[in-house]
Amino acid sequence: MEEEMKAILREAFGDSSSDSDGESVHDRRRQNSCDELSIFGDTQIWEPINEISGLWICRDFLSADQQDSLLSDLEQEGYLADDSCNQFEDCKTAMKFGDLPPWALELSHTIRENIHLGSVSFESTDLSDNSKLRCLFPSELLWRDPLFDQFIVNIYQPGEGICAHVDLLRFEDGIAIISLESSCVMHFSSVEAEADHLYNSNKECVPSAKIPVLLTPGSLVLIWGEARYLWKHEINRKLGFQIWDGQEIDQKRRVSLTLRRLCQTE
Ligand SMILES: O=C(O)CCC(=O)C(=O)O
Ligand SMILES: [Fe+2]
């Protein structure tokens with residue numbers, strides 16, 4: 001199984017270049033993901049959010065060490081500094097457009113590998129579970145070049161969040177979000193249900209149901225298709241809104257990294 005996975009990786013990505021000690025960071029990460037993925041079922045599990053087409057989460061995408069190393073890359077490059085600006089959200093935001101720094105390129109490769117291997121594993125397993133028939137990420141998005149050319153780092157202090165939104169249309173379909181530090185609940189609400197204004201028998205407007213998704217540190221979320229265009233996402237970290245399994249989540253700082261690709265202009 002491991003050899004087969006390595007062959008798939010070689011075919012898809014070629015042999016990556018080596019650094020002075022003969023093994024690049026990318027090689028090491030690839031080796032790790034290969035080892036982990038050779039025991040499907042225990043790690044690197046992709047879960048669909050069944051209510052929403054085009055929404056998937058891989059909860060163990062980054063190990064604790066990889067999360068620390070990503071945070072120190074962000075720290076070193078000033079993305080976690082206090083003077084980053086506020087956008088339409090409460091939290092602090094820092095953005096990068098254009099050529100991605102090496103660590104972000106590596107991360108982007110790792111995301112591609114992981115999705116590719118996840119899709120291959122679905123194809124080679126028993127299809128009795130319907131979720132496995134679903135597409136994890138459309139291949140035209142997975143193999144576009146570059147996969148991502150922009151990222152945004154959001155830093156949320158306890159109580160801070162981001163209001164309900166559909167990501168701007170200047171970004172293409174296919175968005176990836178990595179969560180670091182604190183867990184949080186992201187809520188999804190249907191754009192159409194909201195526009196239809198549902199009323200109860202007392203003619204009161206009934207807010208449409210929100211689908212909660214727990215984003216744990218080290219997880220990777222994929223948002224594409226309906227999830228990207230027909231659902232809003234939000235994080236409300238005010239007291240009483242971060243409930244999971246009946247318990248209020250203990251909030252610390254949360255950092256997220258969202259990777260996207262700008263629409264190409266002719
Ligand atoms: O912080 C997150 O997990 C989400 C960020 C987000 O939705 C955005 O930057 O558009
Ligand atoms: Fe967003």
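Here a trainee and a mentor talk through a predicted model, one question at a time.

Trainee: Let's start with the metal. Which residues coordinate the iron ion (ligand 2)?

Mentor: Look at the spacing first: the donors follow H-x1-D-x65-H along the chain. The distance given for the coordination is 2.1 Å. The residues and atoms are His165 (NE2), Asp167 (OD) and His233 (NE2).

Trainee: Is histidine 165 buried or exposed?

Mentor: The cut-off for buried is under 20% relative accessible area. Histidine 165 has 11% relative accessibility, so it counts as buried.

Trainee: And what about aspartate 167, buried or exposed?

Mentor: Use that cut-off again, under 20% for buried. Aspartate 167 comes in at 5% relative accessibility, so it is buried.

Trainee: On to charges. Which residues are linked with Glu172 in a network of salt bridges?

Mentor: Take the pairs in turn. Arginine 144 forms a salt bridge with glutamate 172, with the closest N and O atoms 3.0 Å apart. Arginine 261 also forms one with glutamate 172, and there the closest N and O atoms are 3.1 Å apart. So glutamate 172 is in a bridge with each arginine, and its own relative accessible area of 17% makes it buried; the partners in the network are Arg144 and Arg261.

Trainee: How many residues apart in sequence are the parts that arginine 144 and glutamate 172 tie together?

Mentor: Both arginine 144 and glutamate 172 are buried. Arginine 144 sits in the loop between helix H5 (139–142) and strand S5 (150–156), while glutamate 172 sits in the loop between strand S6 (162–165) and strand S7 (175–181), so the parts they tie together are 28 residues apart.

Trainee: Then how many residues separate arginine 261 from glutamate 172?

Mentor: Arginine 261 is buried, with a relative accessible area of 8%. Place it on the chain: arginine 261 is in the segment after strand S14 (254–260), and glutamate 172 is in the loop between S6 and S7. The pair links distant parts of the chain, and the separation is 89 residues.

Trainee: Which strands does the salt bridge between lysine 210 and glutamate 234 tie together?

Mentor: The closest N and O atoms of lysine 210 and glutamate 234 are 2.8 Å apart. Glutamate 234 is buried, with a relative accessible area of 13%, whereas lysine 210, at 42% relative accessibility, is partly exposed. The two residues lie 24 residues apart in sequence, in strand S9 (residues 210–215) and strand S11 (residues 231–235).

Trainee: How many salt bridges does the structure hold?

Mentor: Arginine 144 with glutamate 172 is one of them, and lysine 210 with glutamate 234 is another. The count for the structure is six.

Trainee: How many disulfides are there?

Mentor: Two cysteines are worth checking for burial. Cysteine 58 has a relative accessible area of 0%, so it is buried, and cysteine 184, also at 0%, counts as buried too. A disulfide needs a pair of cysteine sulfur atoms within 2.5 Å. The number in this structure is zero.

Trainee: Staying with cysteine 58, which residue stands opposite it in S10?

Mentor: Both faces of strand S2 (residues 55–58) are covered, with Leu55 and Ile57 buried on one side and Trp56 and Cys58 on the other. S2 pairs with strand S10 (residues 220–223) in the antiparallel sense over four bridges. Opposite cysteine 58 in S10 you find leucine 220.

Trainee: And in the hairpin of S1 and S2, which residue takes a positive phi?

Mentor: Strand S1 (residues 46–48) and S2 pair in the antiparallel sense over three bridges, and tryptophan 46 has cysteine 58 as its bridge partner. The hairpin has six residues between the strands. With a phi near 90°, the residue is glycine 54.

Trainee: Out at the surface, which residues make the nonpolar patch?

Mentor: Leucine 169 lies in the loop between S6 and S7. At 62% relative accessibility, leucine 169 counts as exposed. The patch covers about 280 Å², and its residues are Leu169, Tyr229 and Leu230.

Trainee: Last one: how far apart in space are proline 101 and glutamate 77?

Mentor: Proline 101 lies in the loop between strand S4 (92–97) and helix H4 (102–124), and at 11% relative accessibility it counts as buried. Proline 101 and glutamate 77 are 24 residues apart in sequence. C-alpha to C-alpha, the distance is 9.6 Å.

How values were computed
Residues numbered from 1 in each chain as written. Chains lettered and ligands numbered in written order. Predicted model: local features only at pLDDT ≥ 70, side-chain atom pairs only at ≥ 80, totals over all residues. Heavy atoms only, no water. Buried < 20%, exposed > 50% of the residue type's maximum accessible area, 1.4 Å probe, protein only. Salt bridge = Lys/Arg side-chain N within 4 Å of Asp/Glu carboxyl O. Donors = N, O, S within 2.8 Å, 3.2 Å for Na, K, Ca; no water. Patch = residues over 30% accessible without salt bridge, like charges linked within 9 Å, V, L, I, M, F, W, Y side chains within 5 Å. Areas by Shrake-Rupley, 256 points an atom, 1.4 Å probe, with all protein chains shown as cover. Pairing = 2+ DSSP bridges.
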